[in-house]
Structure formats: structure tokens, C-alpha cells
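Keep your viewer open and your selection tool handy. We will go from stop to stop, and at each one you will hear what to select and what is there.

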Amino acid sequence: MTTSKSTDATSADGRCARRPGPARRVAPLLLSGGLRLNALVTTGTARAEQAGTGIVDSTRHGGRTLALTFDDGPNPTDTPQLLKVLRKHHVKAVFCLWGDHVREHPELVRAIVAGGHTLCNHTMRHEDLASWTPERIRADLAAANAEIHRAAPGVRIPYFRAPYGSWGQSPEVASGLGMQPLGWRLAIGDWEPPGTDELVRRIKEGITPGSVVLLHDGGGDRSRTVAAVDRIVPELRAQGWRFERPARRA
């Protein structure tokens, strides 16, 4: 059981979808206007920030704030639509990337970075790490980071999230690689998937001040999640909520 918490009883384990559906191809996204990716990321030689082993599940400033995080992408159908929604509402999020999907769709990683979002390592193949040795975990996380950096050279990867919230010895390994373990306080169970109205209800009724919220842009059809985000952001802003990034230390 992860130390992360969920206020939704149906999703207390915070599990992600096991495997994505058949990949649907789209035309590669291009950075317009000759914009160089290097201008959007730190240099590859930059030193990693100090990271702790505690699992972060709160925002940087607390209060009526929340952080949106999206797992299991990039997904060629729904990730571009989600990026459009986030851009429309001026929200920055965290994308927890699945290494094999990064290899298949590097242009989407570049689009995520171009949108000013934060990256998170979600392992190479979305496997349960509970019984893995530190050496095996380290090799997997390093391979996923290599795929991300192949897609977006020099980009920072400040967070790591264990698939299924099954951490094992991964927090210590991730910390040693300069990545803060990233949990959540609310997982809305969008992998089931319920309808958009239900997802909106779960977010509105489940959030607490300072929550990190777990959603998905990959692992299956996430169109309902995209629609829910499009609806919930203006509603919560009207109620005084602000969207920010997770804390950097637990």
C-alpha cells in the first residue's frame, strides 16, 4: 500500500490502467516558428536538484490550490487534446511519462515541454516495482530518463511516480537519481472509465486544499478525462481555487 492518500473510496489504491489500447497514429506535432527546444529546457549538464525520499502529495503553497498530474502518456489521440485544453485555461500540469510510449511518440514529449509543463518518470513499461531490487529499479528509471532525454535533450525530470502506487524501494532509488517521489491525495478513477459528469463530480467533491490530483492522459481512451478537465478548471477557479505544481520536497 502506498503512503499516498485518496479521498475517493473507489480508487484508494490509485491504480493506473494496466495496458493501453491499440495505438492510434497522428501526424507529428512540430514546434512552430523555428522555436528551438533548447530554449525551453535546462542544459544536459545541469546538476539535478536535491531530492528527498518522502512521497510528495501536496502543492507548493497549500491553501485552496491543487496540482493536476497525468499518468501513462504520451497518447497520440488524447495528449494533444489535453494540451490544447490546458493551454486554453492557462494551467501547467505534471506529465508522468511511460518510457515505451515516449519512444513511440517523442514529438508529444516535445509538445509537452513546449507547453511549459513538468515531466515525471513513470518507468519504462509500467510494471509493479514492489519486489524489485534497487539495482533493477535504477536500471529501469535510468532507461526511461534516457528515452525522455532522447526526445527532449536536457529537459529536467524532477519527479518520479511508481506505477500502481506500488513503491517498494523506488523512493530511495529515485531520490538518488535526483527525482522526488510524487504521490497524490486524490485519484478519481478515470481508468474505469466513468462518464465526464462523474469525473467532474469526483474532483469537485474529493479535492482538499493542497491536493495533488491523479488523472490519466494515456493507457486507454482518455477523452472523458480531457472533457472533465475542460469543465472543472473554470468552475474551480470561480470558487477561488488556484492550479500550481506539486511541492519539491515532502
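Select Ala187 and Leu214 to begin: Leu214, in strand 7, is the bridge partner of Ala187. Strand 6 (residues 186-187) and strand 7 run parallel and are joined by two bridges, and two strands count as paired here if DSSP finds at least two bridges between them. Helices (H or I, at least four residues) and strands (E, at least two) are DSSP runs, numbered from the N terminus.

A word on the model before you go on: it is predicted, so local features need pLDDT of at least 70 and side-chain atom pairs count only at pLDDT 80 or more, while totals for chains, interfaces and linings use all residues. Residues are numbered from 1 along each chain as its sequence is written, and side-chain values use heavy atoms, with hydrogens and water left out.

**Strand 7 and its other partner**

Now select the whole of strand 7 (residues 211-216): six of its six residues are buried, where buried means under 20% relative accessible area, exposed over 50% and partly exposed in between (1.4 Å probe, protein chains only). In a regular strand the side chains alternate between the two faces of the sheet. Here Ser211, Val213 and Leu215 lie on one side, Val212, Leu214 and His216 on the other, and both faces are covered.

Add strand 1 (residues 65-73), which pairs with strand 7 in the parallel sense over six bridges. Leu68 is the residue to pick out, as it stands opposite Val213.

**The loop after strand 7**

Move along to Gly218, in the loop between strand 7 and helix 7. Is Gly218 buried or exposed? Gly218 has a relative accessible area of 1%, so it counts as buried. Show its surroundings and you will find Asp71, Asp72, Gly73 and Asn75 in contact with Gly218, leaving out residues up to four places away in sequence; contact means heavy atoms within 4.5 Å. Asp71 is 147 residues from Gly218 along the chain, yet their C-alpha atoms are separated by 6.4 Å.

**Helix 1 against helix 7**

Select helix 1 (residues 78-89) with helix 7: their axes come within 9 Å and cross at roughly 10°. Axes are lines fitted to C-alpha atoms, for helices over the stretch in contact, and angles run from 0 to 180 degrees between N-to-C directions. The two helices are therefore roughly parallel to each other, the term for angles under 35 degrees (over 145 is roughly antiparallel, 65 to 115 roughly perpendicular and the rest oblique).

To see the contact, show Asp78, Gln81, Leu82, Val85, Leu86, Lys88 and His89 on helix 1, and Ser223, Val226, Val229, Asp230, Val233, Pro234 and Arg237 on helix 7. These residues divide into seven nonpolar, three polar and four charged. Ala, Val, Leu, Ile, Met, Phe, Trp, Tyr, Cys and Pro count as nonpolar, Asp, Glu, Lys and Arg as charged, and the others, Gly among them, as polar.

**The nonpolar cores**

Which residues touch the most other members of the largest nonpolar core? Select Leu68, Phe70, Phe95 and Val229, which do so in this core of 49 residues. A nonpolar core is a set of buried Ala, Val, Leu, Ile, Met, Phe, Trp, Tyr and Cys residues joined through side-chain atoms within 4.5 Å. Helix 7 (residues 223-238) gives the most to this core, with six residues.

Center on Phe70, and beyond residues up to four places away in sequence you will find among its contacts Leu82, Leu86, Phe95, Leu215 and Val229. Then look for a second, separate core of 13 residues, which includes Ala67, Cys120, Leu182 and Trp191.

**Strand 3 and its neighbours**

Select strand 3 (residues 118-121): Thr118 and Cys120 point one way, Leu119 and Asn121 the other, and all are buried. Strand 2 (residues 94-97) runs parallel to strand 3 and is joined to it by four bridges, with Val94 partnered by Thr118. Strand 4 (residues 159-160) is also parallel to strand 3, through two bridges, and Asn121 has Phe160 as its bridge partner.

Finish on Thr118, which has a relative accessible area of 10%. Apart from neighbours within four places in sequence, Thr118 is in contact with Ala93, Val94, Phe95, Pro158, Tyr159 and Arg245.
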